[in-house]
Amino acid sequence: MSQLMHIDNIPSTQGKFKMEKSPYHRQRLYSSLAKLTFWSFVFIGLILMFLFRSSSSQVTSDLSRRSLRTSSYGGPVWEKRIKASAKIRSKNGFSVLVTGAAGFVGTHVSAALKRRGDGVLGLDNFNDYYDPSLKRARQALLERTGVYIVEGDINDVALLKKLFDIVAFTHVMHLAAQAGVRYAMENPSSYVHSNIAGLVSVLEVCKSVNPQPAIVWASSSSVYGLNTKVPFLERDRTDQPASLYAATKKAGEGIAHTYNHIYGLSLTGLRFFTVYGPWGRPDMAYFFFTQDILKGKSIPIFEAPNHGTVARDFTYIDDIVKGCLAALDTAEKSTGSGGKKSGPAQLRVYNLGNTSPVPVSDLVSILERLLKVKAKRLVMKLPRNGDVQFTHANISLAQRELGYKPTTDLQTGLKKFVRWYLSYYGHGKKSAL
Ligand SMILES: O=C(O)[C@H]1O[C@H](OP(=O)(O)OP(=O)(O)OC[C@H]2O[C@@H](n3ccc(=O)[nH]c3=O)[C@H](O)[C@@H]2O)[C@H](O)[C@@H](O)[C@@H]1O
């Protein structure tokens, strides 16, 4: 303490610190300098200690964070859950990795596969494009059927490889994607991230594992873009996308061709036509129309120029699931190994639609009847934000090769959706978004 006081007594400015010549003064000066040096070292030492401690605690916390991440991604318990979920329980069953398993189509397909005895492992990043609690509820539903969903991103190649190390998946049902036509103007990079980079990352891993799985993946009716020739046939032109979403799905079809051509991956793209039903997506019109009609809010109904009808080939989820399973069942094996192709492999694209387009205004009338509430219709011009005027599938190819035959009309399908909606959201009291 006294020494500290002494240091405090050293004049702080150079001007006040005079060199003195007498031996006594010189001695005093040396001793003061020695003390100053000593305490400077002590001071610097303390600072260094402080810096070292804080940086090492940073390293420790980074490590613990990393190890947390690793523990949620790894460990014997985690691997056991994966193996149990992917375990095949029927003769000639598949082991399927379903990406986007907490999504609308992903949940239904995973449950159907599990029901018939296939092994299923889900993968989903649970992003917040729409209410993640709905995704969590779907996850809980799947968990009850024995399907485990790994929480992770399709862009995480190391994770994908790890999953293939644990399970030699025979098939990948790749449904993870950034969906939605209009949102592409708000967040274009999310479409590139999921629908292009993510697809490439899935295919990169699939091409390098041994044996290579067969892949079925979600394309979209939106690839037909501004085409006016109806109904849409698979071989029709797809070079006029009206949204970035459509453009990324079209790019996906090109990417699928490349991986099939170079690496012998068996690839099937399914062009879904406006899929709807229970556990659906809250960003889709039929879903938020229901919510807004119940709340008494007005709903924007798009209309083409000159009062032209805007229509969609709405397709019920159960029909889509049948199409997905049939695509898996008819998928041939990939022909490559170790990243090399050893012969031509299957490359397919199918329309999965309903073949009966319904005007959006009729969709609203059906909802009004089912909800017993009159909608506040706000008819407005079809905005130039990615929507096309109509979609209409020709499904003869899928009928011939997959045995695909949709059986649910919009009235019947919406009835099931509304029943689910009312029970899930407690008669519209709870917000859906
Ligand atoms: O099948 C497809 O290819 C696509 O189907 C849907 O896209 P979309 O058909 O546009 O479905 P919604 O967004 O639910 O729109 C349905 C209809 O309602 C109309 N709509 C939408 C929103 C609105 O406020 N008002 C309105 O009249 C749209 O123009 C469209 O005709 C999905 O959102 C896409 O992810 C999917 O790829």
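**Domain span, ligand shell and helix contacts in a predicted model**

According to the unreviewed UniProt entry, the annotation "domain: NAD-dependent epimerase/dehydratase" covers residues 96–333, where UniProt positions follow the numbering used here, feature names are shortened, and annotations may be inferred rather than shown by experiment. The structure is a predicted model, in which local features need pLDDT of at least 70 and side-chain atom pairs count only at pLDDT 80 or more, whereas totals for chains, interfaces and linings use all residues. Residues are numbered from 1 along each chain as its sequence is written. Within the span 96–333, helix accounts for 42% and strand for 18%, and the end C-alpha atoms lie 13 Å apart; helices (H or I, at least four residues) and strands (E, at least two) are DSSP runs numbered from the N terminus.

The ligand is surrounded by 18 residues, of which Ala-179, Ser-220, Met-284, Ala-285 and Phe-302 come nearest, a residue being near a molecule or strand if its C-beta atom, placed from the backbone, lies within 6 Å of it. Strand S8 (residues 298–303) gives the most to this shell, with 3 residues. By class, the shell comprises 11 nonpolar, 5 polar and 2 charged residues, with Ala, Val, Leu, Ile, Met, Phe, Trp, Tyr, Cys and Pro counted as nonpolar, Asp, Glu, Lys and Arg as charged, and the others, Gly among them, as polar.

Ala-285 also belongs to the contact of helix H9 with helix H11, in which residues of H9 including Tyr-286, Phe-289 and Ile-293 meet residues of H11 including Val-360, Leu-363 and Leu-367; two residues are in contact if their C-beta atoms, placed from the backbone, lie within 7 Å. The residues of this contact divide into 10 nonpolar, 1 polar and 1 charged. The axes of H9 (residues 285–295) and H11 (residues 360–371) come within 10 Å and cross at roughly 45 degrees, axes being lines fitted to C-alpha atoms, for helices over the stretch in contact, with angles from 0 to 180 degrees between N-to-C directions. That makes H9 oblique to H11, given that angles under 35 degrees count as roughly parallel, over 145 as roughly antiparallel, 65 to 115 as roughly perpendicular and the rest as oblique.

Two cis peptide bonds occur at prolines, from Asn-210 to Pro-211 with omega near 0 degrees and from Val-230 to Pro-231 with omega near -10 degrees. Pro-211 is found in the loop between helix H7 (188–208) and strand S5 (214–220), while Pro-231 is placed in the loop between S5 and helix H8 (244–263).
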